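Hi,

Here is the structure I said I'd pass along. Have a look at it first, and my notes follow below.

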Amino acid sequence: MNDAVERPRDVAVVIGSGSIGLAIARRVGAGRTVLLADHSDEAATAAAERLRGEGHEVITRVTDVSDHAAVEALADAAAALGPVAQVVHTAGVSPTQAPVERILHVDLLGTAMVLDAFARVVAPGGAGLVVASMAGHRESPYAPETERALATVRTDELLALPFLQPGRIGSTVHAYALSKRANSLRVQTAAAAWGKRGARLNAVSPGVIITPLARDELSGPRSDWFDHVREVSAAGRFGTPDEVAEAAAFLLGRQADFITGADLLMDGGVTSALRTGELTTP
């Protein structure tokens with residue numbers, strides 16, 4: 001008689017079931033339980049069916065990352081499934097998809113809440129990744145006091161910062177850039193809390209990656225600017241979700257054991273073109 005207790009599978013949490021989230025789930029989900037979270041039940045269900053059809057074990061959960069209670073409940077649900085080995089946060093809205101307030105609540109505050117919640121439950125030896133954006137490098141660095149506040153102010157006080165008031169921000173493009181810069185800075189400081197659990201935390205900042213979200217931007221009011229981006233960037237093209245997944249797999253894997261609190265910029269040379277003046281911000 002075999003009395004051995006079967007050990008639960010490691011859990012890979014993927015927040016956001018879009019093209020990038022799906023590509024990363026394929027890379028890190030094999031042999032693990034994938035907990036796929038999205039604000040849309042329809043989107044999560046469709047993505048889960050695709051992954052199951054490829055042999056992955058997937059559980060879905062509807063989660064609004066701008067809702068503190070929902071994020072905390074997601075972390076608890078993940079821990080109940082087994083050791084939380086990997087956490088990938090890809091959820092966000094773009095400048096053409098949402099007003100300033102929504103961008104701040106989802107992209108900035110939501111990311112900070114995810115980092116806090118999963119710092120409680122990530123397993124020793126685990127790793128986390130935030131998919132930020134090259135936009136966070138476009139206007140940065142900001143004034144030292146702004147950078148310090150974005151990095152260290154308590155999560156529940158973030159949106160009370162004077163420079164994050166919608167009336168002062170102005171455009172959705174600036175709100176997005178501020179939010180993505182905050183993502184990078186919060187990853188840098190949150191890596192300390194994750195390290196206390198023996199886990200690592202990093203970010204990746206992609207440039208234009210061809211996804212449905214990007215297509216909204218490419219066909220929006222800044223379409224001419226994006227055409228120029230492609231022309232002047234060193235790569236001469238836009239990226240693919242699979243390329244982001246490759247970078248994510250590296251940062252989440254054992255080869256990156258000495259990397260934590262970092263932000264990998266992968267934009268095909270767009271930021272370089274901005275720094276040299278070949279490209280200007282829209």
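How many cavities of 30 Å³ or more does the structure hold? One. Before the details, please keep in mind that this is a predicted model.

That cavity has a volume of about 40 Å³. Its lining is made up of M134, A135, R138, W225, V270, T271 and L274. By class, that gives five nonpolar residues, one polar and one charged. Two helices, α5 (135–138) and α12 (270–276), each put at least two residues into the lining, and the largest share, three residues, comes from α12.

Then there's the open space. The largest pocket comes out at about 1,100 Å³. It is lined by 50 residues, and T90, G92, Q97, T211 and L213 are the closest to its centre. The lining splits into 25 nonpolar, 15 polar and ten charged residues. Plenty of elements chip in with at least two residues each, including β2 (33–38), α1 (19–28), α2 (41–53), α8 (172–195) and α10 (223–232). The top contributor is α9, with five residues. You'll also find α5 on the list for this pocket, as well as in the lining of the cavity.

Now the sheet. It is open, has seven strands with parallel pairing, and runs in the order β3-β2-β1-β4-β5-β6-β7. The edges are β3 (57–62) and β7 (263–266), each of which pairs on one side only. From one strand to the next, the twist averages 15 degrees. If you want a spot to start from, take β1 (residues 11–15) and β2: they run parallel and are joined by five bridges, with V11 partnered by T33 in β2.

Two of the helices on the sheet caught my eye. α1 packs on it and touches β1, β4 (84–89) and β5 (122–131), with its direction at about 170 degrees to that of β1. α3 lies across β1, β2, β3 and β4, and runs at about 165 degrees to β2.

α3 (residues 68–81) also packs with α4 (residues 100–119), at an angle of about 35 degrees and with the axes 9 Å apart. The crossing is right-handed. On the α3 side the contact uses H68, V71, E72, L74, A75 and A78, which meet M113, V114, A117 and F118 of α4. Sorted by class, that contact has eight nonpolar residues, one polar and one charged.

That's it from me. Shout if anything looks odd on your end.

Cheers

Methods. Residues numbered from 1 in each chain as written. Predicted model: local features only at pLDDT ≥ 70, side-chain atom pairs only at ≥ 80, totals over all residues. Heavy atoms only, no water. 1 Å grid on protein atoms, 1.4 Å probe; cavity = no way out; pocket = protein on both sides within 12 Å on 5 of 7 lines; lining within 4 Å. Points joined across faces, edges and corners; volume = space filled by probe spheres on them. Helix = DSSP H or I, 4+ residues; strand = E, 2+ residues; numbered from the N terminus. Nonpolar A, V, L, I, M, F, W, Y, C, P; charged D, E, K, R; others polar. Axes fitted to C-alpha atoms, helices over the stretch in contact; angles between N-to-C directions. Left-handed = near helix turned anticlockwise from the far one by under 90°. Contact = heavy atoms within 4.5 Å. Pairing = 2+ DSSP bridges.
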